[in-house]
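Good morning, everyone. Please bring up the sequence and the 3D view, and we will walk through the protein together.

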Amino acid sequence: MVKRARFTIRAAYDVLTSPTNLSQWYAEDPTCPLCPSLATLKHILVGCKTSLAQGRYTWRHNQVLKCLAAVFESQRTSANVHPPPIIQVAANTICSGGMGLEAAGRLCFPAEIAAINLRPDLVLWSASLKLVYIIELTVPWESAVEEAYELKKLRYAELATDAQQQGWNVKVHPVEVGCRGFVATSTSRLLREMGV
């Protein structure tokens with residue numbers, strides 16, 4: 001816990017031992033060990049194309065998504081103790097193998113809501129309430145949170161319209177957890193709305 005707090009504080013003030021900081025402090029090589037770019041903290045955490053190609057950013061995204069899915073699955077389980085079931089959960093691409101939650105057993109968007117090829121990160125729905133939450137996670141550089149939110153909101157606008165035409169009440173929730181661990185207000189808002 002202390003190591004995480006230390007990392008978060010040092011990352012927030014950009015005083016981690018990144019190659020660019022080591023270059024300033026000790027005249028070491030400032031280039032990224034994976035590509036020829038300058039290895040700033042931002043480059044290391046969200047900007048290295050080699051890291052992206054190797055799936056390093058996807059791994060981090062999926063670790064955050066697993067935590068969110070576990071919280072929602074716990075909520076679903078406790079809500080479903082009392083009949084009738086209130087919320088069913090389907091989770092897509094929770095880990096790099098594309099494993100869904102056992103309760104859902106689905107790896108694509110539920111066809112009874114809308115026929116579409118998009119695969120949101122998490123889908124929570126209640127057939128009895130005709131209510132669906134489409135949740136899409138982004139793990140951006142903290143100053144890009146608003147831009148990430150707007151891009152994800154637009155990405156699922158057509159899906160929301162299709163589902164609404166089928167009689168569903170649709171809530172699209174892009175959520176962000178910054179790459180340095182800061183949770184955006186969109187994430188906190190969704191958790192509060194879900195009773196967490």
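Let's start with the overall layout. The protein has 8 helices and 4 strands. Keep in mind that this is a predicted model. Along the sequence, the order reads α-α-α-α-α-β-β-β-α-α-β-α. The protein has 196 residues, and 41% of them count as buried.

Now to the inside. In general, nonpolar side chains tend to be buried together in soluble globular proteins. Which residues touch the most other members of the largest nonpolar core? They are Phe72, Leu122, Leu124, Tyr133, Ile135, Leu137 and Leu190. That core holds 21 residues. Four elements give it two or more residues each: helix H3 (41-47), helix H5 (56-79), strand S2 (122-126) and strand S3 (131-138). There is also a second core, separate from that one. The second core has 14 residues, including Ala114, Val132, Ala160 and Ala163.

Next, the salt bridges. As a reminder, side chains of opposite charge can pair when their charged atoms come close. How many salt bridges are there? The count is 5. I will show you three.

Take Lys152 and Glu136. Their side chains meet in a salt bridge, with N to O at 3.1 Å. Lys152 is in helix H6 and Glu136 is in strand S3, so this pair ties together parts that are 16 residues apart in sequence. Are these two buried or exposed? Lys152 is buried, at 17% relative accessible area. Glu136 is buried too, at 6%. The cut-off for buried is under 20%, so both values qualify.

Glu136 has another partner. Glu136 forms a salt bridge with Arg155, and the closest N and O atoms are 3.8 Å apart. Here, too, distant parts of the chain are linked: Glu136 sits in strand S3 and Arg155 in helix H6, 19 residues apart. Arg155 is partly exposed, at 42% relative accessibility.

The third pair is Glu142 with Arg180. Their side chains meet in a salt bridge of 3.0 Å, N to O. Glu142 lies in the loop between S3 and H6. Arg180 lies in the loop between strand S4 (169-176) and helix H8 (185-193). The two residues are 38 apart along the chain. Both partners are buried: Glu142 has a relative accessible area of 18%, and Arg180 has 13%. Going back to the earlier pairs, shared partners join Glu136, Lys152 and Arg155 into one network.

Stay with Arg180 for a moment. Where does its charged end sit? It sits over the ring of Trp141, 3.9 Å from the ring centre.

Now look at Ser143. Ser143 lies in the loop between S3 and helix H6 (145-155). Ser143 is exposed, with 64% relative accessibility. Its C-alpha atom is 8.6 Å from that of Gly178, although the two residues are 35 apart along the chain.

Let's move to the surface. Which residues form a nonpolar patch there? They are Ile9, Tyr13, Val15, Trp25 and Tyr26. Together they have about 600 Å² of accessible area. Tyr13 is found in the loop between helix H1 (2-12) and helix H2 (19-26). Tyr13 is exposed, at 65% relative accessible area.

Two members of that patch deserve a second look. The count of aromatic pairs is 1. The pair is Trp25 with Tyr26: their ring centres are 6.5 Å apart and their planes lie at 80°, so the arrangement is edge-to-face. Trp25 is partly exposed, at 40% relative accessible area. Tyr26 is exposed, at 58%.

Last, the backbone. Most residues other than glycine have a negative phi. Which residues here go the other way? Ala27 is one of them, with a positive phi near 60°. Ala27 sits in the loop between H2 and H3. Ala27 is exposed, with a relative accessible area of 68%. Lys130 is another, with a positive phi near 50°. Lys130 is in the loop between S2 and S3. Lys130 is partly exposed, at 32% relative accessible area.

That ends the tour. Thank you for listening.

Key. Residues are numbered from 1 along each chain as its sequence is written. This is a predicted model: local features need pLDDT of at least 70, side-chain atom pairs count only at pLDDT 80 or more; totals for chains, interfaces and linings use all residues. Side-chain values use heavy atoms; hydrogens and water are left out. Patches are made of residues with over 30% relative accessible area and no salt bridge: like charges are joined within 9 Å, nonpolar side chains (Val, Leu, Ile, Met, Phe, Trp, Tyr) within 5 Å. Accessible areas come from the Shrake-Rupley method with a 1.4 Å probe; for residues, only the protein chains shown count as cover. A salt bridge is a side-chain nitrogen of Lys or Arg within 4 Å of a carboxyl oxygen of Asp or Glu. Buried means under 20% relative accessible area, exposed over 50%, partly exposed in between (1.4 Å probe, protein chains only). A nonpolar core is a set of buried Ala, Val, Leu, Ile, Met, Phe, Trp, Tyr and Cys residues joined through side-chain atoms within 4.5 Å. Rings of Phe, Tyr and Trp (its six-membered ring) pair if their centres lie within 6.5 Å; planes under 30 degrees apart count as stacked, over 60 as edge-to-face and the rest as tilted. A charge sits over a ring if NZ of Lys or CZ of Arg is within 6 Å of the ring centre and within 35 degrees of the ring normal.
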